[in-house]
Amino acid sequence: MYSVWNSVLSWVLFCLFSSITMEDTRPIVIEEPTTTTTTTNQEGSCVTIKCKYKYQKELKLLWIKDPKWIEKEKRYDGIIVYSNTDERPQVAEYSNRVEFFNDQSSQWTNCTIKIQDLKKNDSGNYTFRYIGSDKYISNTFLLTVVDNPCKVHIKPANLNKSLKEGDRVSLQCATSAACEFHPLWQSSGSSEILKSEQSKDEVEKRSELQLIVSWTDDGRTLTCRPSRSNDNWLERRVTLRVEYAPTETKVIESSSSKDVKEGEQVTISCSSKARPNANFTWIKHQSSFSRHGENLTLYNMTPEDGGKFYCLANNEHGSEKSNDIKINVIYAPKGVDINPKLAELKEGDRLTLTCLVQNSNPEVDMQSYRWYKDGQEINQQTMNTFTVPSVRQRDKGVYQCQARNSVGETMSTNITQVSVKYHPQNTFIDGTSGIKLGFELNLKCVTEAEPVPHKYSWYFKPEHEQQFVTLSHTDEMYRIEKVAVSNAGLYKCSAQNDVGKGANSTEKNVFVFYPPKTPNLTMKEVVKEEELYTITCTVESSPQANLTLSRSSLTNPEKDIITVQYVQSNILKFAANATVSDAGMYTCEAENTEGKNFSKNQLKVLYAPKGVDINPKLAELKEGDRLTLTCLVQNSNPEVDMQSYRWYKDGQEINQQTMNTFTVPSVRQRDKGVYQCQARNSVGETMSTNITQVSVKYHPQNTFIDGRSGIKLGFELNLKCVTEADPLPHTYSWYFKPEHEQQFVTLSHTDEMYRIEKVAVSNAGLYKCSAQNDVGKGANSTEKNVFVFYPPKTPNLTMKDVVKEEELYTITCTVESSPQATLTLSRSSLTNPEKDIITVQYVQSNILKFAANATVSDAGMYTCEAENTEGKTFSKNQLKVLYAPKNVTALADPGVELKEGSNLTLTCKADSVPEVSAYTWKKSSATHSETVGHGQKITLHFLKSSDSDHYFCISRNEIGSVKSSSIYIRVKYQPRITLIHNMTSLGLWEKAVPIHLSCNVQCDPPATFFAWYKMEENTTVLSNNLNYTVEPQNPGTYYCYARNEEGESRSEPVKIFLNHFIIKQLVQVIISLLVIVFLIGVMFLIRRIILRKRSAQRSFFFSAAPLCFLSNLGSSDSCNNTRENLVIEGSTELSSFRDNHSVSAVQSNPPANRNIQAGRPNSNILSKQKQHHTEEDLTMTTVNYAMLQFMDNNNPNKSVPSHDSSGPVYADVSKNKQMAKKPQDGHEHYENVSGVCCEAAISKHKLDLGQQ
């Protein structure tokens, strides 16, 4: 019973003390690393206790371990972990182990501490306390330091002596035998684990590191740390010190040579790695020079001081020589001279000057010279030779040269004087430019010339004219006794001497003077302050006028006058930013030697309010009092309107307050703050220079509950009612609404803190509080929701089991938990569910929704896992994705190229879900396709040439169908030959024409050999072409032969000219005999006629008709045949081209259904032929044929087959054949030899044709 009363008494005293110490509402916040105010750390590690407090000035700050209240001293006593005051200093055991953070952000100041290298006696309760005008102590933070069985140490702990290069060293990293793993060795800055020998006994586990040290190990830090620990504070380190001879000795320069200017100093440094540190000696090659020290400095360098240097580094362990460095002393050119010293030339002569240099280091570059004339540099002259190909008067003067290298430049000690004789130059007119009307004008032509000019020319251009006119005056002076207006204008002159005539002078403008006209003054009449305004004044006058711009005040314009600007020009421009003093009357006055004139204009300046102030300066009120503030304005143009004011509180504008007086009838706490006013007119606004500070005492406001929102069942709940009030509250009220209830109930508790020792489920719900002070009762706080934490229940996973590809599917996962859970949706494959897992979505919420268009890869087992701080659980469901066939491929066995008569197997492969339900095989060409079979595999037996084509398969299931890419099947076969000719039946008297034969070959691959044979000469190859022409004189039986890699073949033979040739030969013999008898009779008749002395002309005419008649027996043609009668009916006109019997090559191509033909039906060959014309005198028309062949785009070796019955497509081409007789005049002969009596008529007709 006694102990119970002691506990109650202690609690009452603690509450009393808390009510005293926590009068200040600015708390200290300890940020716990977990949900509790305790933490457990291992020995040797570190801990950070986060803390912040509301800022105050001049505070004493303390971190106390295990604080106890000492009533007698009225203070907390304990172990001082940190202190900023000498009154209570930090204890020695925490020295160098505690780091305090005191940075400030906004209203809060950091008070976090970090304790390193924790020891077991560091366990205890830690609090932060500040002492100032107020005092406050934080809640306690319980730190527990436990044994660390894996704490490591190094043997030996320190290496007392330096090691030498090559020494062997052994280091042990040891830990307790209770530690599960051996410790590890690492090099600092590297994550690589060093190889070490491990051992153990009943006390320790050791990792021994064996090293043979080198100079690179000097300064190397080795780290010993526990295995599987990333805590840097548990690590122990040792640093190696290795003594070694100098190495990597080098001169610290970027190159092996260093340039130094003559007279300057140079410093070079030597570096070397060594322990102990090396001593340095500088040595110069081929010299007794020797200096000691790391740095070598040479002063006032001369060329002789240069050379090659190196440094020698040595210590007790050895020495090493550095690389060489060359010091090159450079200087500017010396002994610069110019040649020649004197040059007397005439204009047009050549001038050559040479610059000579005696010594220079570095050498002077050929383009590093400069030339000067009369002290001025000549541009773009950089060579050592200066040349002027043709000198002019401007080239005369004093010349010097300068030589330059990278060190500097030197001017030549001597000069060259160049003189030049020249024609008149720099001519100008001397005389007055302005003159009054009627006065005398005198102008003089002034020029520079050597020798003096002997003739002058004068030119004049009147005003407003475009051309100069030549004046008759030839003297140096030009005079006009009385100047007229017409004499005003431009004058120029020229001069001539013995060297030549000079250029015209510059133009001289002569003016006639008159007084200024009224000035044109242009300006704004009204401007705003600071606005840029411009005043322009222009005037017409001769001579030029002086313009003066002045300003006078409107109140006293006669006396208050200020000159603004003055210019000696006919144009005056003035610009400025307007000020109040710029307002007034502006006058622009123009004046020249002939008189003066002026113009005036007024300027008005508007400006924003000035001298804005606020009254009163301070207002201390209570809530409910009246507040009145007044805004005062000293000056304004224009005046400030009564509703053109603005009021501001704490920098923010107060809406709808536009009067010069601001009134709050009844102030509230929100009305306290800093007030300002702003006055505005049409020009701008001005803020008051002073402010008014308004303070208001108020009842509690901005009340809220401070405490945890989530707590586990059975733990203690602490809530605090925090509010803002002036003065502080004296009474608190608490309200509670349980979960799933509608009304709040009033709790009996009236203190600032509300405690529940063991939280039950019924304590979960909404809490709120209110506070009351002397001013009144404040509003209720915001609601505080307190949760009781429990792990997630089994998630509800909602989704379809089966979807189609591209179909939108949705997965929803919901769960009940407190606090809110994290939901993870993952997918695993059905074939390897343990490893092939992909995270689909992750949300920090109790609801997860996922939607996507289904793809094949989306199929699998879906898992929804829910997890919060209290635990985790999951649900699973499977998704199946249906899709149309994919990767459809057509395969051919044994291949795509086969011989005619062989078998072909086609196989269709595809992937799909569900399985493929139907396969269809199609054969396609350029114009159509046909079905050739069904099933995944089909066989085509006894292939024919017509089976050559493109094949593809179509795979189909319930989702859709997909076509494979096509494969081309090529069936090879031997040649099939058709013979084509143009033979027709001939009449007895018809002329036989050549017969054209064409070998039409169908085969695949193309035929490689062609041959034409005559049965009568079976062993002789007539031709190896596709086409062959049989002349009438070569009758016989012909056939064609072709061969490819598949075999050979020959055409059916055809008989040509055999019967017709024999009959025609017999008829020709009979006709020849009749013609001879007829000619003898004609000769006898002519002889009788001559003997009778009849007229030759009449006799000939008389005998022509019957002879003609006799000679044309069997012919219906008249004697006077026209040109058209001499060709085949329907053919083209005669041409001078010779017949070409060569046949164009016709390519034989492999695809099926190809026809290679060179003929056409007999009925289309000839329409009509003329009779009784000999082959020598008659122009014949032969008909050749060309075949059109259309190629397959998919297979260039195959032609597109013809799908109609008409066969190949041909075009006929007529060609004239003429066995020409050409007379001497070049005209062609067209003769009809059916009778000699017609010769004269035909000849006459031929003449007419030649003339057409």
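**Local features of the predicted model**

His996 lies in strand E89, which covers residues 995-1004. The model is predicted. At 11% relative accessibility, His996 falls under the 20% cut-off, so the residue counts as buried. Its side chain has a polar partner: the side chain of Thr1029, at 2.9 Å from the side chain of His996.

A hairpin comes next. Strands E92 and E93 form this hairpin, and two residues lie between them. Strand E92 spans residues 1036-1044 and pairs with E93 in the antiparallel sense. Four bridges join the pair. Across the pairing, Tyr1041 stands opposite Arg1050 of E93.

Strand E93 itself runs over residues 1047-1050. In a regular strand, side chains alternate between the two faces of the sheet. The two faces of E93 can be told apart by their cover. Gly1047 and Ser1049 make up the covered face. Glu1048 and Arg1050 make up the uncovered face. Arg1050, the residue opposite Tyr1041, therefore belongs to the uncovered face of E93.

Two residues other than glycine were examined for their backbone angles. Asp117 is not a glycine, yet its phi is positive, at about 50°. The residue sits in the loop between strand E9 (113-115) and strand E10 (124-131). Its relative accessibility is 26%, so Asp117 counts as partly exposed. Gln286 also has a positive phi, near 55°, and is a residue other than glycine. The loop that holds Gln286 connects strand E25 (279-284) with strand E26 (290-292). Here the relative accessibility is 87%. That value is over the 50% cut-off, so Gln286 counts as exposed.

Cis peptide bonds are the last topic. One of them joins Asn339 and Pro340, with omega at about 0°. Pro340 is placed in the loop between strand E31 (337-339) and strand E32 (342-346). Asn339 is the residue at which E31 ends. Another cis peptide bond joins Val913 and Pro914, and its omega is also about 0°. Pro914 is found in the loop between strand E82 (904-913) and strand E83 (918-924). Val913 is the residue at which E82 ends.

How values were computed
Residues are numbered from 1 along each chain as its sequence is written. This is a predicted model: local features need pLDDT of at least 70, side-chain atom pairs count only at pLDDT 80 or more; totals for chains, interfaces and linings use all residues. Side-chain values use heavy atoms; hydrogens and water are left out. Buried means under 20% relative accessible area, exposed over 50%, partly exposed in between (1.4 Å probe, protein chains only). Two strands pair if DSSP finds at least two bridges between them. A polar contact is a pair of N or O atoms within 3.5 Å; within protein, one must be able to donate a hydrogen and the other to accept it, and residues adjacent in sequence count only if both atoms are side-chain atoms.
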